[in-house]
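Please look at the sequence and the structure below before reading on. The report then takes up one residue and a set of charged pairs.

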Amino acid sequence: AVLRPMEMTSSNGAALALQADGSVLASGAEGKTVYTLTADLPPGAAVGGLRLEALTDAALAANGPGRSGNGNFVLTELEATLQAPGEATPQPLAFADASATFNQGSFDVKTAIDGHKTDAVNGWAIHPKGSMDQTAVFVLKTPPAGGGRLTVRLHQNYDGKHTLGKFRLSTTAQTAPLNFGVPGGIISILAIAPEQRSPEQKTALTTYVQTTDPERAKLTADLAAARIPLPEDPQITAGKAALATAEIPVPADPKLERLSHDVELSAAQLKAQRLTAAQDLTWALINTPAFLFNH
């Protein structure tokens, strides 16, 4: 059941506006903040858990759902209290577990219920999966029954930018284990006759099924695994190595290289026999005793 707050405040002065679908859109002032939302539950209403939908919106940077430049946010801590009918003091609600459609590294949604509401590097974040809707569910340890005034506080202490831009809170009477449920946007599309749905609405339905159907997810993973190239046969690898070794040129024999050079010189001398003869004659004369004695 979508929670429609009767009171909404932000400690940093940001404006929180309730939308027709029960979502809340933040605008205006930025900075570390606590969103406080209060709503009355019907008499006898049981609460087994809370659902927080972080929603995209064209009014946000990168379409949100956070207010940072890349659409990310950090929910440092989620707190909730319930003031039962006839009770003067609200009682804190303890959470047993939390799960999300996506967690950013060490910013797991489970750290958003660990009591560290002032720790800047703590809580739930979604980078690099911004610009798309994300959902978290929080399971209560002891589900209260009987209705009353529910107050939810969303602590956001990472910095002045990473705050929720658009979100929606819901309660459920179901107890653990909880699933993420069907998003409100999908429910509204399903309420429209198929032939009257716009191309964008049909695309949204298709995308939702593709990303949430467990059988499709399994088949997609199997297909990806099947497309991974098989490792090369060891014998082929060894054959390639042997071929590469065989293709290395054999070094020439030094004696053969010297003889080849001598042949080249002889061939050059044969092409200039008169010059060769003159050189030989000159060399012989220079080395005679008479020449050496006189010169």
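What follows describes a serine and several salt bridges in a predicted model.

## Ser23 and its surroundings

Ser23 sits in the loop that runs between strand E2 (15-18) and strand E3 (24-27). Its relative accessible area is 0%. Because buried means under 20% relative accessible area, Ser23 counts as buried.

The side chain of Ser23 makes a polar contact of 2.6 Å with the side chain of Asp21. Apart from neighbours within four places in sequence, Ser23 is in contact with Ala17, Leu18, Leu55, Lys166, Phe167 and Arg168. Lys166 and Arg168 return below as salt-bridge partners.

## Salt bridges in the model

Side chains of opposite charge can pair when their charged atoms come close. In the whole structure, a search finds ten salt bridges. Three of them are described here, starting with a pair that is partly exposed.

## Glu30 and Lys161

Glu30 and Lys161 form a salt bridge through their side chains, with an N to O distance of 2.8 Å. Glu30 belongs to the loop between E3 and strand E4 (33-41), while Lys161 belongs to the loop between strand E10 (148-156) and strand E11 (166-172), so the pair ties together parts 131 residues apart in sequence.

Both residues are partly exposed: the relative accessible area is 39% for Glu30 and 44% for Lys161.

## Arg168 and Glu53

A salt bridge also joins Arg168 and Glu53, whose closest N and O atoms are 2.9 Å apart. Arg168 is in strand E11 and Glu53 is in strand E5 (residues 49-54), so this pair links distant parts of the chain, 115 residues apart.

Are these two residues buried or exposed? Arg168 is buried, at 3% relative accessibility, and Glu53 is buried as well, at 2%.

## Lys166 and Asp57

The side chains of Lys166 and Asp57 meet in a salt bridge of 3.0 Å, taken from N to O. Lys166 lies in strand E11 and Asp57 in the loop between E5 and strand E6 (77-83), so two parts that are 109 residues apart in sequence are tied together. Lys166 is buried, with a relative accessible area of 12%.

Which residues are joined into one network by salt bridges that share partners? They are Asp21, Arg51, Glu53 and Arg168. Two members of this network were met earlier in connection with Ser23: Asp21 through a polar contact, and Arg168 through a contact.

Technical notes: Residues numbered from 1 in each chain as written. Predicted model: local features only at pLDDT ≥ 70, side-chain atom pairs only at ≥ 80, totals over all residues. Heavy atoms only, no water. Helix = DSSP H or I, 4+ residues; strand = E, 2+ residues; numbered from the N terminus. Buried < 20%, exposed > 50% of the residue type's maximum accessible area, 1.4 Å probe, protein only. Polar contact = N/O pair within 3.5 Å; in protein donor to acceptor, adjacent residues only side chain to side chain. Contact = heavy atoms within 4.5 Å. Salt bridge = Lys/Arg side-chain N within 4 Å of Asp/Glu carboxyl O.
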